[in-house]
Amino acid sequence: MIRRIAVMFLLFTTCTPIFGGPKEDALAAYQKFFEAFTTDNHDQLAALFAPDALFYGTGSTEVVTTPDDIRQYFVRALTGKRGTVKATPFTQTALVLSDSIVAISGKWQSERTLDGKMVTAGPSRNTVVMQRRGNQWLIVQFHNSPTPKPKPPAAQPADTQAR
């Protein structure tokens, strides 16, 4: 009997489940955006956003504020003959604002086949705010824009004095 209790104690102490914190949970939920981006399932992609989300897509001229308009953005942006699509997030930095709100900033790029050629869009810079509502993390703020090209180094003045 003591042996059985010892074995059960050992199992409970070595098999403790590990739960992620808000940062890990929000990053995992946001990863679903990149997975859904590669499909033509606009409903699945739009479902990642809260009903009251604020959305600035790369091609948005104004902030988008309704679920249907967010869905329509992706319908326009992602429908058509695009062949294989790949979405690659690069470094992402997360800032935990509370147990239920996490801001994430980073860069990513998409690659798709267009007229038989692989076309890369990006890298783009992206900032989202994720909020846990109930047991689900949703995007409540989204901004995506092209990364500006670095400025060339300033020309150094030539030494015009004879030495």
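**View 1. Threonine 147 and its contacts in the predicted model.**
In this predicted model, let us start with threonine 147: leaving aside neighbours within four places in sequence, threonine 147 is in contact with Lys107, Pro123, Ser124 and Arg125. You will find threonine 147 in the segment after S5. Its side chain has a polar atom 2.9 Å from the backbone oxygen of proline 123. Look at serine 124 too: the C-alpha atoms of threonine 147 and serine 124 are separated by 5.0 Å, although the two residues are 23 residues apart along the chain. Is threonine 147 buried or exposed? Threonine 147 counts as buried because its relative accessibility is 19%, and the cut-off for buried is under 20%.

**View 2. Five strands in one open sheet.**
Now follow the strands across the sheet: the order is S1-S5-S4-S3-S2, the sheet is open and the pairing is mixed. S1 and S2 are the edge strands, each pairing on one side only. On average, and ignoring direction, neighbouring strands here are turned by 20 degrees against each other. How many bridges join S2 to S3? There are eleven, and these two strands run antiparallel. For a landmark, find threonine 93, which stands opposite serine 105 in S3.

**View 3. Two helices packed on the sheet.**
Helix H2 packs on the sheet and touches S1, S2, S3, S4 and S5. The direction of H2 makes about 155 degrees with that of S2. Helix H4 also packs on the sheet, where H4 touches S1 and S3. Between the directions of H4 and S1 the angle is about 55 degrees.

**View 4. The largest nonpolar core.**
Here you are looking at a core of 28 residues, the largest nonpolar one. Tyr30, Phe33, Phe49, Phe74, Met130 and Ile139 have the most contacts inside this core. At least two core residues come from each of helix H2 (22-37), strand S1 (49-56), helix H4 (67-78), strand S2 (85-98), strand S3 (101-114), strand S4 (117-133) and strand S5 (136-146). Which element gives the largest share? H2 does, with seven residues. A second, separate core has five residues, among them Ala50, Ala103, Leu138 and Val140.

**View 5. Phenylalanine 33 and its partners.**
What does phenylalanine 33 contact, once neighbours within four places in sequence are set aside? Its partners are Leu45, Leu48, Phe49, Phe74, Trp108, Ile139 and Phe142.

**View 6. Aromatic rings meeting edge-to-face.**
The structure holds 16 aromatic pairs. In one of them, phenylalanine 33 and phenylalanine 34 meet edge-to-face, at 5.3 Å centre to centre and with 80 degrees between the planes. Phenylalanine 34 also forms an edge-to-face pair with tryptophan 108, at 5.4 Å centre to centre and with 65 degrees between the planes. This second pair links distant parts of the chain: phenylalanine 34 is in helix H2 and tryptophan 108 in strand S3, 74 residues apart. Phenylalanine 34 is buried at a relative accessible area of 2%, and tryptophan 108 is buried at 5% relative accessibility. Ring pairs also link a cluster that includes Tyr30, Phe37, Phe55, Tyr73 and Phe142.

**View 7. Histidine 42 in helix H3.**
Our last stop is histidine 42, in helix H3 (residues 42-46). Not counting residues up to four places away in sequence, histidine 42 touches Arg71, Phe74, Val75, Leu78 and Thr79. Why does histidine 42 count as buried? Its relative accessible area is 11%, and buried means under 20%.

Key: Residues are numbered from 1 along each chain as its sequence is written. This is a predicted model: local features need pLDDT of at least 70, side-chain atom pairs count only at pLDDT 80 or more; totals for chains, interfaces and linings use all residues. Side-chain values use heavy atoms; hydrogens and water are left out. A nonpolar core is a set of buried Ala, Val, Leu, Ile, Met, Phe, Trp, Tyr and Cys residues joined through side-chain atoms within 4.5 Å. Buried means under 20% relative accessible area, exposed over 50%, partly exposed in between (1.4 Å probe, protein chains only). Helices (H or I, at least four residues) and strands (E, at least two) are DSSP runs, numbered from the N terminus. Contact means heavy atoms within 4.5 Å. Two strands pair if DSSP finds at least two bridges between them. Axes are lines fitted to C-alpha atoms, for helices over the stretch in contact, and angles run from 0 to 180 degrees between N-to-C directions. A polar contact is a pair of N or O atoms within 3.5 Å; within protein, one must be able to donate a hydrogen and the other to accept it, and residues adjacent in sequence count only if both atoms are side-chain atoms. Rings of Phe, Tyr and Trp (its six-membered ring) pair if their centres lie within 6.5 Å; planes under 30 degrees apart count as stacked, over 60 as edge-to-face and the rest as tilted.
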